[in-house]
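Visitor: I am new to this one and would love a short tour. Could you show it to me and let me ask about whatever catches my eye?

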Amino acid sequence: MAEAPTARSVEPDETGTKLKKGITTLLLFFFIVGDTLGAGIYTLMGSLAQDVGGALWVPLILALVLALLTAGTYAELITKYPAAGGAARFAERAFKKPFVTFAIGFLMLSSGITTSAALANAFAGDYLQAIVPNIPAVPVTLVFIALLIVINIRGVRESLIANVGATLVEMTGLIIIIVIAALVIFGGGGDLSRPVTFADGISPFTGAFAATITAFFSFLGFEAAANMAEEVKNPSRSYPRALFGAILTAAVVYLALAIGASIVVPTDVLASSEGPLLEVITASGFSFPTWLFGIIALVAIGNGALLFMVMASRATYGLAEAKLLPKVFGSVLPGRKTPWVAILVVGIVTMAMSFVGDVGTLADTTVLLLVLVFISANISVLVLKKDEVQHKHFSVPRIVPVLALIASVALLTQQSATTWLISLGYVVVGTILFLIARAARKREYARGTADPTRSIPLE
């Protein structure tokens, strides 16, 4: 009788992976939809209204174009290098500079921290007030982040069922708002002129371009699927279909929400709200319980904050394992086997970041950090065009990453001084930590104890 295969006897298949290719196009589509349709849209409609008034759909269209251009770059890189672990790996392959690899990875984990801080502030906002009125925001924010730290340290085992469940909760809330807005509009309510009315005192071009930064935050998440490409059946075919399908699905939902909210809710009310979608229910006059929608929104926000904190802590651990961050960040809790130092540091920095700015400012900072990452990815795809691989892969014309680069640079010009200062702070801190890690590694080489084969983990 043949011996049963063991973990040690598993061999790479013809694509060079030992992982089971069990993710179909449909499963990947739902994963990306779940990642993209996150908590951002629950919190940022008010910020958009401050810049563009009732014309909320304009920055969403502009953000969609940028997302599709960048998605084209990711589709080529991920199908060309399905074992790669995202923009840091692409930069490593294209530039072969350890600091560049580190910088891209550090920008990714910094974006996770900033997003978690933004969502923590949103958690303590109007959605919670609809359930528990007059509760102080600062203690709620800090307790919320502390709870996420505890959950993260204990270990988070996610399954497809849990992910689909969270996605369904988020989708339910969005569908509720779309249906309520439609009932108001078809019932003759609302103001149909608002979607074409821009904010007073701000030129439409300036306002729309500034709001695109915030709108782009709502499309982020598709890049996370880069870590799953190795387990996708026929990624050259499945990944582009799932990626573009998910982004377009999110766009349809967002545009329906934006137009509906703009018609139903007065612009000044929308612009001043921390729970803008809740205002649709209030303005509609329907008896749908606001506390129930508040719970749905808080589930979406809490789930998003946890996922980003998990990502940031694992990215921190990964950079430490690659010896690009100090060794202490790679410490693992016995028994739980979770990177407890990375989790604690990420949690503490997230608490500090929650005091730095409001939801809109932190969301804009996340976009700035990730736009820098996307610039790296777009340059990488151009550099690697000449690199030939032995399997079929998705390919975009060179004009796509070039246009994405132009759009990304244009977005950077619209960032405020505050977001640049926050981002510069991350870069300074990251550079110091990198230099500390490099000095430690040099000492290891001098003692002959360094392991030169270690590199950034895939996830």
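Visitor: Which residue's side chain does Lys385 meet in a salt bridge?

Guide: Happy to help, and please keep in mind that this is a predicted model. A search of the whole structure turns up 1 salt bridge. In it, the side chain of Lys385 comes to 2.9 Å, N to O, from its partner, which is Glu76.

Visitor: How many residues apart in sequence are the parts that this pair ties together?

Guide: Side chains of opposite charge can pair when their charged atoms come close. Lys385 sits in the loop between H16 and H17, while Glu76 belongs to helix H4 (residues 57-80), so the pair ties together parts whose separation in sequence is 309 residues.

Visitor: Is Glu76 buried or exposed?

Guide: Buried means under 20% relative accessible area. Its partner Lys385 is under that mark at 18%. Glu76 has 2% relative accessibility, so it counts as buried.

Visitor: And is Lys386 buried or exposed?

Guide: Lys386 is found in the loop between helix H16 (359-383) and helix H17 (399-413). On the surface, it gathers with Arg93, Lys96 and Arg398 in a patch of positive charge. The cut-off for exposed is over 50%. With a relative accessible area of 67%, Lys386 is therefore exposed.

Visitor: What is the accessible area of the nonpolar patch that includes Ile295?

Guide: Ile295 is part of helix H14 (residues 290-321), and at 37% relative accessibility it counts as partly exposed. The patch on the surface is formed by Ile131, Val132, Trp291, Leu292, Ile295 and Val299. Together their accessible area is about 460 Å².

Visitor: How many of the 9 residues of helix H13 are buried?

Guide: Helix H13 covers residues 276-284 and is largely enclosed by the rest of the structure. Its buried residues are Pro276, Leu277, Leu278, Glu279, Val280, Ile281 and Ser284. Of the 9 residues, the number buried is 7.

Visitor: Which residue with a positive phi follows H13?

Guide: Look just past the end of H13. The residue there has a phi near 80°, and it is Gly285.

Visitor: Which residues does Gly430 touch, not counting those up to four places away in sequence?

Guide: Gly430 lies in helix H18 (residues 417-447), and it counts as buried because its relative accessibility is 0%. One residue to look for is 328 residues away in sequence, yet 8.6 Å away in space, C-alpha to C-alpha: Phe102. Beyond its sequence neighbours, Gly430 touches Phe102 and Phe106.

Visitor: How far apart in space are Ile104 and Leu369, C-alpha to C-alpha?

Guide: Ile104 has its place in helix H6 (residues 98-123) and is buried, with a relative accessible area of 6%. Leaving aside neighbours within four places in sequence, its contacts are Ala87, Ala88, Ala91, Val373 and Ser376. Ile104 and Leu369 are 265 residues apart in sequence, and their distance in space is 9.2 Å.

Visitor: Stepping back, what share of the contacts with a separation of 6 or more comes from residues 24 or more positions apart?

Guide: The protein has 18 helices and 0 strands. Of its 459 residues, 51% count as buried. Among contacts with a separation of 6 or more, the share from residues 24 or more positions apart is 85%.

Visitor: Lastly, how much of the accessible surface belongs to carbon and sulfur atoms?

Guide: The accessible surface of the protein comes to about 20,200 Å². The part that belongs to carbon and sulfur atoms is 67%.

Conventions. Residues are numbered from 1 along each chain as its sequence is written. This is a predicted model: local features need pLDDT of at least 70, side-chain atom pairs count only at pLDDT 80 or more; totals for chains, interfaces and linings use all residues. Side-chain values use heavy atoms; hydrogens and water are left out. Helices (H or I, at least four residues) and strands (E, at least two) are DSSP runs, numbered from the N terminus. Buried means under 20% relative accessible area, exposed over 50%, partly exposed in between (1.4 Å probe, protein chains only). Contact means heavy atoms within 4.5 Å. Accessible areas come from the Shrake-Rupley method with a 1.4 Å probe; for residues, only the protein chains shown count as cover. Patches are made of residues with over 30% relative accessible area and no salt bridge: like charges are joined within 9 Å, nonpolar side chains (Val, Leu, Ile, Met, Phe, Trp, Tyr) within 5 Å. A salt bridge is a side-chain nitrogen of Lys or Arg within 4 Å of a carboxyl oxygen of Asp or Glu. Lys and Arg count as positive and Asp and Glu as negative; His and the chain ends are not counted. The place of a charge is taken as NZ of Lys, CZ of Arg, CG of Asp or CD of Glu.
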